[in-house]
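Visitor: Could you take me through one part of this structure at close range? I would like to hear about the metal site, and then about anything else you find worth a look.

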Amino acid sequence: MTTPPYPPVSDADLAVLREQLGRPARGVVGIAARCVCGNPTVVATSPRLPDGTPFPTFYYLTHPAATAAMSVLEADHVMRELSDLLSDEEVAAAYRLAHEAYLGDRSAFGEVEEIAGISAGGMPTRVKCLHALAGHALAAGPGVNPIGDRALALSSWSPERCVCAEPGSSG
Ligand SMILES: [Zn+2]
C-alpha cells in the first residue's frame, strides 16, 4: 500500500502496466500497490489525463488476476451483499470517510472541477464497481475502505500470493 506522494515510476513498472492493460497506461503518477513479487497491482492516475480528459478513478486496479477476481464477485450475488452492509450506520460512516480519503489523496495531484466531489466505485453511498473499491483498499491498506476490504476478503486473489506468471495473468 502506498498513498501520495509517490516515488518516481520506473520504465520497468510502465512496461508491466502496459502488458497488464494491453495498452500504455495514461497519466500515471505512481504505483499505489504491488504484488508480493513487486509487480504493480494498482496504478495512481492523474485526475486530468495528458489529453485534458478529467479522470476520477485515481486508484485503478491493473493486475489481470485481480480484475478477473473482482469481475467474478460482481457477477455473483456479492454486490447486493456488500450494498446491504451500508445499512449499518458504522459501515456507512466509514464508507463516507473512505470517499473523503480518496478525494484527499487525489487532490495532491490537482483539483479538477469537472470531477469535484466525485470519487469512484459508487462511493460515498452506493456499491457500483468492485475494481475501483478494491483498488482503493489495496492502496490505502486495511481499515480505510470497508467495502473494498470486504471484496478483497471474499476474493480468490490476494496480493500476498503471486500468480503473475500463471497463464491468463501477465507481468
Ligand atoms: Zn506477482
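Guide: Happily! In this predicted model, the site of the zinc ion is tetrahedral, with angles of 106 to 113° among its 4 donor atoms. For comparison, the ideal angle for four tetrahedral donors is 109.5 degrees. The protein donors are the SG atoms of Cys-35, Cys-37, Cys-162 and Cys-164, lying 2.3 Å from the zinc ion. Along the chain, these donors follow the spacing C-x1-C-x124-C-x1-C. Take Cys-37 and Cys-164 as a pair: they link distant parts of the chain, 127 residues apart. Cys-37 sits in the loop between β1 (28–34) and β2 (40–45), while Cys-164 belongs to the segment after α6 (146–154). Their surroundings are worth a look too: Cys-37 is partly exposed, with a relative accessible area of 42%, whereas Cys-164 is buried, at 5%.

Now turn to Arg-106, in helix α4 (residues 89–107). Arg-106 is buried yet has no salt bridge. The nearest side chain of opposite charge is that of Glu-111, 6.4 Å away, and a salt bridge would need a side-chain nitrogen of Arg within 4 Å of a carboxyl oxygen. What Arg-106 does have is a backbone partner: a polar atom of its side chain lies 2.8 Å from the backbone oxygen of Pro-56. Pro-56 is also among the residues that Arg-106 touches, once residues up to four places away in sequence are left out. The others on that list are Pro-47, Phe-55, Phe-58, Ile-115, Ile-118 and Ser-119.

Technical notes
Residues numbered from 1 in each chain as written. Predicted model: local features only at pLDDT ≥ 70, side-chain atom pairs only at ≥ 80, totals over all residues. Heavy atoms only, no water. Helix = DSSP H or I, 4+ residues; strand = E, 2+ residues; numbered from the N terminus. Buried < 20%, exposed > 50% of the residue type's maximum accessible area, 1.4 Å probe, protein only. Lys, Arg positive; Asp, Glu negative; His and termini not counted. Polar contact = N/O pair within 3.5 Å; in protein donor to acceptor, adjacent residues only side chain to side chain. Contact = heavy atoms within 4.5 Å. Donors = N, O, S within 2.8 Å, 3.2 Å for Na, K, Ca; no water. Tetrahedral: all angles 85-135°; square planar, octahedral: opposite > 155°, others 65-115°.
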